[in-house]
Amino acid sequence: MLPLDFTVAIRAFNAADRLPALLDKLRSQQNTESIRWEVLIVDNNSTDNTAEVVQAYQSKWKICDLRYVLERQQGAAIARRRAIQEAKGAFIGFLDDDNLPAEDWVATACAFGQANPKVGAYGSQIHGIFEVEPPQNIRRIALYFPIIERKNLLHFDTYKKGLPPGAGLTLRKQAWLDHVPENLIFQGPVKGSLATKGEDIEALHHIRNAGWEVWYNPEMHIYHYIPRWRLEAAYLLKFLKSTGLSQHRFRMLGYPVWQRPLVFPLLLINDLRKIVSHKLKHRGSEDLVAACELQLLIGRFLSPFHIWTRLLTQGKSVQRLRL
């Protein structure tokens, strides 16, 4: 049996109040007549009536298959791995339960993958929908929400400063199966904890290092709902520091193994320099975004020690990181 062209995979956790808007957008997708596709919802052990909401939609769903699976072990990486195992599509497009795709998202994402045989993964343009007015200078940290509104096609193999986030990301299923380890260092948010956030970027490093191309396609649009509580100071400071704590793993994956012991001390010194410089520049400031930037820098400086400690407490070898 031939695989489908495309799977829309949704990780849902206590999403009963958010799923209807997302499913309505998927039910209204345009230009999909020639695409064989499905929608797969991975319920990551919800305690609300997420399952009942999906069942109600399944009874009236006609545009494509709408499937539901329950993954009892919580974690974004675990739910994503389950989605990849269950998906029938050659390409898998990931949406979070707080994302709304444009009406041509499925068709555009599927066409881009089919037209570019060397592409292993590609991200979408992400627009923010804020419940309350964000700080005026939020753009300085918008990438971490994530909000990405670049207008030009971007090839990440030649752009070393980042990779596309998991929201709106499309993967070639075989590229993941062939090159992404089953047990990633990062398992993603679990019950609100941000300590192991970064699982999507870790997986993309493996795909890119295996020779697949990674792109950003500005023709793909999704809209990311950002509630009030995600703009509160306590959450933002914790979130940016947690983001920084994952950076060491990504940095090392960006270098050949033999270079890592050489660049590690240089990066550590440079991170310390940036912390000192930032504190001097914003001394006495009450700017929340500047405080968030400082937490990101501190997290990045502490990142190798944080990751090594986590591995040792879990009984795993630090050599898994090769620095």
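In the predicted model, the count of aromatic pairs comes to ten. One of them is formed by F112 and Y122, whose rings lie 4.9 Å apart centre to centre with 55° between the planes, a tilted arrangement. F112 belongs to helix α4 and Y122 to strand β6, so the pair ties together parts that are ten residues apart in sequence. Both F112 and Y122 are buried. A further pair involves F305 and W308: the ring centres are 5.9 Å apart and the planes stand at 85°, so this pair is edge-to-face. F305 and W308 are three residues apart in helix α10, which spans residues 288-313, and are thus separated by about one helical turn. The two members of the pair can also be described by their accessibility. F305 counts as partly exposed, at 36% relative accessibility, whereas W308, with a relative accessible area of 17%, is buried. F305 and W308 also belong, together with F264 and F301, to one aromatic cluster.

Aromatic rings also take part in arrangements with charged side chains. The ring of F94 has the charged end of R80 over it, at 5.0 Å from the ring centre. In a second case, the charged end of R230 sits over the ring of F239, and the distance to the ring centre is 5.6 Å.

The protein as a whole contains ten helices and nine strands. Of its 323 residues, 52% are buried. The exposed area amounts to about 15,400 Å², of which 53% is supplied by carbon and sulfur atoms. Contacts between residues at least 6 apart in sequence were also examined, and 81% of these join residues at least 24 apart.

The largest nonpolar core comprises 35 residues, and those with the most contacts inside it are F6, V8, I10, L19, L23, L26 and V39. Two or more residues are given to this core by each of β1, α1, β2, α2 (50-58), β4 (89-96), α4 (105-115), β6 and β9 (213-226). The largest contribution to this core is that of α4, with six residues. A second core, separate from the largest one, has 28 residues and includes V42, A83, A87 and L154. Within the 35-residue core, V8 is among the residues with the most contacts. When neighbours within four places in sequence are left aside, the residues in contact with V8 are L26, W37, E38, V39, L40, G93, L95, W105 and V106.

Helix α4 was considered in further detail. Eight of its eleven residues are buried, so α4 is largely enclosed by the rest of the structure. The buried residues of α4 are W105, V106, A107, T108, A109, C110, F112 and G113. W105 and V106 are also found among the contacts of V8, and F112 is the residue of α4 that pairs with Y122. T108, located in helix α4, has a relative accessible area of 19% and is therefore buried, the limit being under 20%. Apart from neighbours within four places in sequence, T108 is in contact with N217, E219 and M220.

Several features of the backbone were identified in loops. The peptide bond joining F145 and P146 is cis, with omega about 0°. P146 is placed in the loop between β6 (119-130) and β7 (154-155). Positive phi values occur at two asparagines, N14 and N31. N14, which is not a glycine, has a phi of about 45° and is located in the loop between β1 (4-12) and α1 (19-27). N14 counts as partly exposed, at 23% relative accessibility. N31, likewise not a glycine, has a positive phi of about 60° and is found in the loop between α1 and β2 (37-43). With a relative accessible area of 51%, N31 is exposed.

Note on methods: Residues are numbered from 1 along each chain as its sequence is written. This is a predicted model: local features need pLDDT of at least 70, side-chain atom pairs count only at pLDDT 80 or more; totals for chains, interfaces and linings use all residues. Side-chain values use heavy atoms; hydrogens and water are left out. Helices (H or I, at least four residues) and strands (E, at least two) are DSSP runs, numbered from the N terminus. Buried means under 20% relative accessible area, exposed over 50%, partly exposed in between (1.4 Å probe, protein chains only). Contact means heavy atoms within 4.5 Å. Accessible areas come from the Shrake-Rupley method with a 1.4 Å probe; for residues, only the protein chains shown count as cover. A nonpolar core is a set of buried Ala, Val, Leu, Ile, Met, Phe, Trp, Tyr and Cys residues joined through side-chain atoms within 4.5 Å. Rings of Phe, Tyr and Trp (its six-membered ring) pair if their centres lie within 6.5 Å; planes under 30 degrees apart count as stacked, over 60 as edge-to-face and the rest as tilted. A charge sits over a ring if NZ of Lys or CZ of Arg is within 6 Å of the ring centre and within 35 degrees of the ring normal.
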